[in-house]
Amino acid sequence: MKTSDFYYDLPEERIAQSPAEPRDSARLLVYDRATDGIEHRHFYDLPRYLRSGDVLVINNTRVLPARIYGNKTETGARVQFLLHKRLSLTDWEVLARPAKRLKEGSVVRFSPALAAQVLQTGEEGLLNVRFSFEGVFETALAQIGEMPLPPYIKQKPNDPERYQTVYAKQEGSSAAPTAGLHFTPDLLQKLRDMGVQIAEVLLHVGLGTFRPVKVNDVAEHVMHSEYYEISEETCKIVNRAKKEGRRVIAVGTTSVRVLESAAKNQGEVRPTSGETDIFIYPPYTFKIVDALITNFHLPESTLLMLVSALCGREKTLSLYQTAVQEKYRFFSFGDACFFI
């Protein structure tokens, strides 16, 4: 398949610039793969499509204030870092702009309490750097860091927590797992009261998720690895559900990638942690995931390719065309889909 096979035309006014208020008032396109039926709902209608025994798998990562600005000490040149992946207590892989101003040994000062030295330069603006800081790194980062909103969002939300899920726990992401932004504590409790089991996994969202595909042949794209974890408790919940024929529903493409990365064989996952560079695109046989809740994704993105692996490329593009016609809101702060 070619990358261009996953292109669709999106008017700029359909790109959401702010999140829905309240969270669960976002619209929800429901597509039933068995009946080929489409319904147009709101996210607060989700309980009508779930049933007792379903397992809802959520990614509990928390977004870092990962965008920081500093000055190169030698020249005073302004530099932006986007923290991508933690390598040790002091070392990080970062995306630098403009990277051409930096070479091995360069030092960037971000605040009196935080500086970084370039250890190694890589391709496409990636650097390995070592931070020096006073006190706790996260404290120094919180004082100067900004939420790493995507470039197509032109206005910052008044509350930075709107770019966090209500169940975010473990800091480490440089982008939000946006499908989860629609849940509220009340909606989650309503699902639990219905008998829906909620299981947590972790994937720190980084370049693997949002890096654009720059090759013509989809099969030649190499995913950047991201850190993930799936616990023994979550594995027990998922494996029992699969054995009993109950549905495993992934919230977001990141949860899909954790479950499929941890798949030991058809219908079984194993507790594990580490790096995953799994790239899911058509044709792909899902080993664990039965259904998916997700947002509308960028044209030619790996996320759209993952959805196409579940629903079929032509059907996915048709659903997206319908969403454009129905004036759904797209991308990180946009509306959601439920593919049953």
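A salt bridge is taken here as a side-chain nitrogen of Lys or Arg within 4 Å of a carboxyl oxygen of Asp or Glu. In the predicted model described below, Glu124, Arg211 and Lys214 are linked in a network of such contacts. A search of the whole structure finds 18 salt bridges, and three further pairs are described here in turn.

The pair formed by Lys85 and Glu275 has its closest N and O atoms 3.1 Å apart. Lys85 belongs to strand β6 and Glu275 to strand β17 (residues 272-276), so this salt bridge ties together parts that are 190 residues apart in sequence. The two partners can also be described by their accessibility. Lys85 has a relative accessibility of 13% and therefore counts as buried, the limit for that class being under 20%. Glu275, with a relative accessible area of 43%, is partly exposed.

Strand β6 takes part in another such contact through Arg86, which forms a salt bridge with Glu138; the closest N and O atoms of this pair are 2.7 Å apart. Glu138 is located in helix α1 (residues 137-144) and Arg86 in strand β6, so that distant parts of the chain, 52 residues apart, are linked. Both side chains fall in the intermediate accessibility class: Glu138 is partly exposed at a relative accessible area of 31%, and Arg86 is partly exposed at 35%.

In the third pair, Asp91 forms a salt bridge with Arg130, and the closest N and O atoms lie 2.7 Å apart. Because Asp91 is in strand β7 (residues 91-97) and Arg130 in strand β10 (residues 126-133), the contact ties together parts that are 39 residues apart in sequence. Asp91 counts as buried, its relative accessibility being 12%, whereas Arg130, at 42%, counts as partly exposed.

Arg86 also appears in the description of the second largest pocket. This pocket has a volume of about 270 Å³. Its lining comprises 15 residues, and those that lie nearest the centre are Arg86, Trp92, Glu171, Gly172 and His204. Three strands, β6 (78-86), β11 (170-173) and β13 (226-230), each supply at least two residues of the lining. When the lining residues are sorted by class, 3 are nonpolar, 6 are polar and 6 are charged.

Strand β13, one of the contributors to this pocket, shows a regular arrangement of side chains. In a regular strand the side chains alternate between the two faces of the sheet. Along β13, Glu226, Tyr228 and Ile230 point to one face and are buried, while Tyr227 and Glu229 point to the other face and are not buried. This strand pairs with two others. Strand β12 (residues 197-203) runs antiparallel to β13 and is joined to it by 2 bridges; Leu203 has Tyr228 of β13 as its bridge partner. Strand β17 likewise runs antiparallel to β13, with 5 bridges joining the two. Within this pairing, Ile230 stands opposite Thr272 in β17. Strand β17 also contains Glu275, the partner of Lys85 in the salt bridge described above.

Aromatic contacts were examined next. The structure holds 18 aromatic pairs. In one of them, the rings of Tyr284 and Phe286 have their centres 4.9 Å apart and their planes at 80 degrees, so the pair is classed as edge-to-face, a term applied to planes over 60 degrees apart. Phe286 has a relative accessibility of 14% and therefore counts as buried. Phe296 and Tyr320 form another pair; their ring centres are 5.3 Å apart and their planes lie at 75 degrees, so this pair too is edge-to-face. It links distant parts of the chain, 24 residues apart: Phe296 is in the loop between β18 (291-295) and α6 (302-311), and Tyr320 is in helix α7 (residues 313-325). Both Phe296 and Tyr320 are buried. These two residues also belong to a cluster in which ring pairs link Tyr8, Tyr152, Phe296, Tyr320, Tyr328, Phe330 and Phe331.

Burial was finally considered for a complete helix. Helix α5 (residues 253-261) is mostly covered, with 9 of its 9 residues buried. The buried residues of α5 include nonpolar ones, Val256, Val258 and Leu259 among them, as well as the charged residues Arg257 and Glu260. Thr253, Thr254, Ser255 and Ser261 are likewise among the buried residues of this helix.

Note on methods: Residues numbered from 1 in each chain as written. Predicted model: local features only at pLDDT ≥ 70, side-chain atom pairs only at ≥ 80, totals over all residues. Heavy atoms only, no water. 1 Å grid on protein atoms, 1.4 Å probe; cavity = no way out; pocket = protein on both sides within 12 Å on 5 of 7 lines; lining within 4 Å. Points joined across faces, edges and corners; volume = space filled by probe spheres on them. Helix = DSSP H or I, 4+ residues; strand = E, 2+ residues; numbered from the N terminus. Buried < 20%, exposed > 50% of the residue type's maximum accessible area, 1.4 Å probe, protein only. Pairing = 2+ DSSP bridges. Phe/Tyr/Trp six-rings, centres within 6.5 Å; stacked < 30°, edge-to-face > 60°.
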